[in-house]
Amino acid sequence: MKITFFNQIPLEATMIFEHLFEPELRLEGCDKAALLKNSIAAWMFIDDEPAGEIYGVGHADINEEIPDVDPKDTEYIYLYSMGLLPKFQGKRLSKILMAYWLGQVGNKFKTIDAHCTAESIVPVMRTFGAKFFSTHKNWFDSGREAMYCKIYLS
Ligand SMILES: CC(C)(COP(=O)(O)OP(=O)(O)OC[C@H]1O[C@@H](n2cnc3c(N)ncnc32)[C@H](O)[C@@H]1OP(=O)(O)O)[C@@H](O)C(=O)NCCC(=O)NCCS
């Protein structure tokens with residue numbers, strides 16, 4: 001298996017990952033372009049096929065209020081999204097994707113803040129030291145449960 005990472009791919013190629021989410025959570029192309037412009041992003045390719053996507057935006061570039069996140073906090077990056085296409089799920093690739101992205105985030109932030117909306121992401125976040133806080137039963141009307149968590153980087 002050949003695993004390759006890219007920090008930029010064409011926007012159109014990223015839209016395939018939106019199908020992993022309910023309509024309420026999906027991004028339109030223009031919204032995703034705006035988010036990616038300011039993000040630290042990575043795409044994982046397996047044997048030259050797109051397999052995974054992950055991106056987060058640092059506090060200074062976030063233009064919306066994010067539930068649970070302290071608006072006075074100036075030291076976090078918010079992990080907006082992470083996904084693997086169905087063909088690549090269940091193969092323990094998510095920790096590899098997350099580890100690569102953490103390497104990109106480096107020591108630029110004090111915490112990674114996120115909302116876990118899939119059960120399989122919880123052990124991934126725990127592996128990297130996440131602490132869990134509040135839970136939302138119906139995240140943005142998607143029917144998903146979301147658990148707010150933080151990874152302390154320093
Ligand atoms: C979330 C996602 C990236 C996880 O990847 P995955 O391929 O399903 O999971 P992996 O095979 O990498 O396994 C990750 C861990 O989850 C566990 N796991 C897998 N399915 C699980 C389930 N249904 N319930 C609980 N744990 C589960 C695995 O055992 C593994 O933990 P371990 O290594 O400690 O044993 C993937 O499911 C996905 O893309 N889902 C759709 C998009 C999405 O919901 N993204 C999350 C937004 S927060």
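1. A residue counts as partly exposed when the number of other C-beta atoms within 10 Å of its own falls between the limits for exposed, 12 or fewer, and buried, 20 or more. Asp 68 has 16 C-beta neighbours inside 10 Å and therefore belongs to the partly exposed class. This residue sits in the loop between E3 and E4. Its phi is positive, about 80°, although Asp 68 is not a glycine. The model is a predicted one, and the points below should be read with that in mind.

2. Asp 47 is the other aspartate to note. Its phi is near 45°, a positive value in a residue other than glycine. Asp 47 lies in the loop between E2 and E3, and the hairpin of these strands has two residues between them. Because 9 other C-beta atoms lie within 10 Å, Asp 47 is exposed.

3. On overall content, the chain has four helices and seven strands. Read from the N terminus, the order of elements is β-α-α-β-β-β-α-β-α-β-β.

4. On dimensions, a compact globule of 154 residues would have a radius of gyration near 15 Å, and the chain agrees, with 15 Å. The C-alpha trace spans about 40 × 35 × 30 Å along its principal axes. Of the 154 residues, 28% count as buried. Among contacts between residues at least 6 apart in sequence, 63% join residues at least 24 apart.

5. The seven strands make an open sheet with mixed pairing, in the order E1-E2-E3-E4-E5-E7-E6. At its edges are E1 and strand E6 (131-136), each of which pairs on one side only. Neighbouring strands of the sheet are turned against each other by 25° on average, with direction ignored.

6. Two helices can be placed against this sheet. Helix H2 (residues 29-37) packs on the sheet and touches E2, E3 and E4, with its direction at about 105° to that of E2. Helix H3 (residues 94-105) also packs on the sheet, where it touches E1, E2, E3, E4 and strand E5 (111-116). The direction of H3 makes about 145° with that of E2.

7. The pairing of E1 with E2 can be given residue by residue in part. Strand E1 (residues 3-6) and strand E2 (residues 39-46) run antiparallel and are joined by four bridges. Ile 3 stands opposite Ile 46 in E2, and the bridge partner of Phe 5 is Met 44 in E2.

8. E2 also pairs with strand E3 (residues 49-58), again in the antiparallel sense, over eight bridges. Within this pair, Ser 39 has Val 57 of E3 as its bridge partner.

9. What surrounds the ligand? The shell holds 18 residues, and the closest are Gly 83, Ser 94, Ala 118, Glu 119 and Ser 120. Strand E4 (76-84) and helix H4 (121-127) are the elements that give two or more residues to this shell. By class, the shell has nine nonpolar, six polar and three charged residues.

Methods: Residues numbered from 1 in each chain as written. Predicted model: local features only at pLDDT ≥ 70, side-chain atom pairs only at ≥ 80, totals over all residues. Near = placed C-beta within 6 Å. Nonpolar A, V, L, I, M, F, W, Y, C, P; charged D, E, K, R; others polar. Pairing = 2+ DSSP bridges. Rg over C-alpha atoms; globule rule 2.2 N^0.38 Å. Contact = placed C-beta atoms within 7 Å. Axes fitted to C-alpha atoms, helices over the stretch in contact; angles between N-to-C directions.
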